[in-house]
Amino acid sequence: MMDYGWSSAGAIAAAVESGAAGAGEVIDQTLQRIDRRNPVLNAFTTVTADRARARAATEPRGPLAGVPFAVKNLIDITGLWTLAGSKINRERPPAIADATLVARLEAAGAILVGALNMGEFAYDFTGENSHYGPSRNPHDTTRMTGGSSGGSASAVAGGLVPIALGSDTNGSIRVPASFCGIFGLKPTFGRLSRAGSFPFVASLDHLGAFARSTMDLAIAYDAMSGPDPLDPICADRIDPPIAPGLHRGAGGLRIASAGGYFRIGAGPEALAAVDNAARALGVSRDVELAEAARAREAAYVITTAEAGALHLQRLRRRARDFDPDVRDRLIAGAIVPAAWVVQAQKFRRWYRERVLRLFDEVDAILAPATPCIAPPIGQRTFVLDGQAMLLRPNIGIYTQPISFIGLPVVAVPVPQADAMPIGVQVIAAPWHEDVALRIAYDLEARGVARAPRPPE
Amino acid sequence: MRDELDDWLDANIALLGITVPPEWRQSVRLHLRVTRDMAQRVAEVPLPDETEPAAVFRA
């Protein structure tokens, strides 16, 4: 029997489609593995075992036939509370329908096995959670997964599922992908439907996916993309599927490394990862994303203000029920002057126009995903560019200036010998997920990018 | 020492009906200060009045 815990989604689907494996045995083995490993990893908050077994019994077909997947618990699952990592949301009614992306993965044959832990209301880069406990990094369970999609990264890196969904507002897919050593895709803003997901920052929220290979990421993305009348922000675009063209690799693409801001403060592991990827791809030029520091600051201002406004009534009535680390940031956000937010949104337009000009010269840009490897759980501060900083708000310094203008990014794990994993962002022009995925695939084919299997 | 951040904090939580007990205050104030510092640097960029904000809306 195959070891489904470490099989790719593509291999599972091929086995199920050919009749070599039954969806039921895939799901049984997956549920056993979750039972065994989740008490350590704390990745799942709910396991939907009955639903998964019932679905497997229908012997689903398609490009993801029989492939188990799980979703960050801010994505609706029929009959469950959409917790978004909170205690407060347990008092809302359970979801009455699956989110669009859950329905689309299932339509492609995949089987939902549960909901995943996350930082409260997604305002988090650590994966810690005062209500449900921290998700744990499979490569060292004393260390953070990164967040806020911490359970998603832990579940994929720990071999519990080959595909998980998460959300990324400022880096919440790319940071945990980097810390846990897996691939993460944050598509273009507006590409994947957000219908049936609990919001954080309407101006910046994206949904996306995690996997242990580029091909699995592309297969999942192809199954999920496309217009959705239930989401007014989801773009009315249908582009060709990406998985069939991945084999083209990076040939003919112009690639640069991000200089300046994206090298200041980066630790040796982060710089080595970017440089290894650049060397493998024959990258010889640097580009400067001018005003990236201000872009990150503008994203911060918009985030805190929109999130504070979203949660205002809850802050008034029951502030004590929030995770304290999240609550204090939300209260500060709720009282941000409107002029600061409007200026940040105007700056966003200005910055976007300047960054997009770079894509006349290059097709993709490499940058660190995180400034450091995963810190120990509970650590509150770290040193960045020689200065002691609060850790929680600052892990996303390299991801925020990119999601701020909605560019598609694949976070690619570039492991180094005897070290915790760390990732690189492959950043492409809007609507060019194909370019970022082809480069990730190329790095994987060259053996530079790889999701390492953790010890158990 | 109290400064304009404290005044802003007190006035606005009162306006919005949020209660901040003393043990949360230092942390809330820290986050407000960080946001203020960032917003000031963003405001240093001179933008034309005609610049369209990038908040998303399609009629």
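**Reading a predicted two-chain model**

Author: Let us begin inside the sheet of chain A: strand 6 (residues 163–168) and strand 8 (residues 206–211) of chain A run antiparallel and are joined by 6 bridges. The model is a predicted one.

Reader: Which residues stand opposite each other in this pair, for instance across from A:Asp168?

Author: A ladder is read residue by residue. A:Asp168 stands opposite A:His206 in strand 8 of chain A, and the bridge partner of A:Ser167 in that strand is A:Leu207.

Reader: In which sense does strand 2 of chain A pair with strand 6 of chain A?

Author: Strand 2 (residues 68–72) of chain A pairs with strand 6 of chain A in the parallel sense, over 3 bridges. In this pairing, A:Val71 stands opposite A:Leu165 in strand 6.

Reader: What is the strand order of the open sheet, and which strands are its edge strands?

Author: The order is read across the sheet. In chain A, the open sheet has 11 strands in the order 1-3-2-6-8-7-14-15-11-9-10, with mixed pairing. Its edge strands, each pairing on one side only, are strand 1 (44–47) and strand 10 (286–287) of chain A.

Reader: How many residues of strand 6 of chain A are buried, and which way do they point?

Author: For a strand, one asks about both faces. Strand 6 of chain A is mostly covered, with 6 of its 6 residues buried. A:Ile163, A:Leu165 and A:Ser167 point one way, while A:Ala164, A:Gly166 and A:Asp168 point the other way.

Reader: Which residues does A:Ala164 touch beyond its neighbours in sequence?

Author: Not counting residues up to four places away in sequence, A:Ala164 touches A:Phe69, A:Ala70, A:Val71, A:Leu116, A:Ser152, A:Ala155, A:Val156, A:Ala209 and A:Phe210. A:Ala164 also belongs to the largest nonpolar core, which has 166 residues; A:Ala164 and A:Val301 are those with the most contacts inside it. Helix 9 (residues 292–310) of chain A gives the largest share of this core, 9 residues.

Reader: Why does A:Phe404 count as buried, and where does A:Phe404 lie?

Author: Burial is judged by counting neighbours. A:Phe404 counts as buried because it has 30 C-beta neighbours inside 10 Å, the threshold being 20 or more. A:Phe404 lies in the loop between helix 14 (400–403) and strand 14 (409–413) of chain A. Leaving aside neighbours within four places in sequence, A:Phe404 is in contact with A:Ala295, A:Ala298, A:Ala299 and A:Arg348. As for sequence and space, A:Phe404 and A:Asp434 are 30 residues apart along the chain and 20 Å apart from C-alpha to C-alpha.

Reader: Where does helix 2 of chain A bend, and which proline follows?

Author: A bend is assigned to a residue. Helix 2 (residues 23–41) of chain A bends by about 35° at A:Asp35, and A:Pro39 follows within four residues. Just after this helix, A:Asn42 takes a positive phi of about 55°.

Reader: Which residues of helix 2 of chain A are buried?

Author: The helical repeat is the general guide. An α-helix has 3.6 residues a turn, so residues three or four places apart point the same way. In helix 2 of chain A, the buried residues are A:Ala23, A:Val26, A:Ile27, A:Thr30, A:Leu31, A:Ile34, A:Arg37, A:Asn38 and A:Leu41.

Reader: How does the radius of gyration of each chain stand against that of a compact globule?

Author: The number of residues sets the expected value. For the 456 residues of chain A, a compact globule would have a radius of gyration near 23 Å, and the 20 Å of chain A agrees. For the 59 residues of chain B the corresponding value is near 10 Å, but chain B has 16 Å.

Reader: What share of each chain counts as buried?

Author: In chain A, 63% of the 456 residues count as buried; in chain B, 19% of the 59 residues do. Chain A has 15 helices and 15 strands, whereas chain B has 2 helices and 0 strands. In chain A, residues 24 or more positions apart account for 78% of the contacts with a separation of 6 or more.

Reader: How many residues does each chain give to the contact, and which elements of chain B take part?

Author: An interface is read from each side. The contact takes 28 residues from chain B and 30 residues from chain A. On the side of chain B, helix 1 (4–16) and helix 2 (22–43) are the elements that give two or more residues. Helix 2 of chain B gives the largest share, 11 residues. The residues on this side divide into 19 nonpolar, 7 polar and 2 charged.

Notes:
Residues numbered from 1 in each chain as written. Chains lettered and ligands numbered in written order. Predicted model: local features only at pLDDT ≥ 70, side-chain atom pairs only at ≥ 80, totals over all residues. Core = buried A, V, L, I, M, F, W, Y, C linked by C-beta atoms within 7 Å. Buried ≥ 20, exposed ≤ 12 C-beta atoms within 10 Å, placed from the backbone. Contact = placed C-beta atoms within 7 Å. Nonpolar A, V, L, I, M, F, W, Y, C, P; charged D, E, K, R; others polar. Bend = angle between axes of the 7 residues up to and from the residue. Rg over C-alpha atoms; globule rule 2.2 N^0.38 Å. Pairing = 2+ DSSP bridges.
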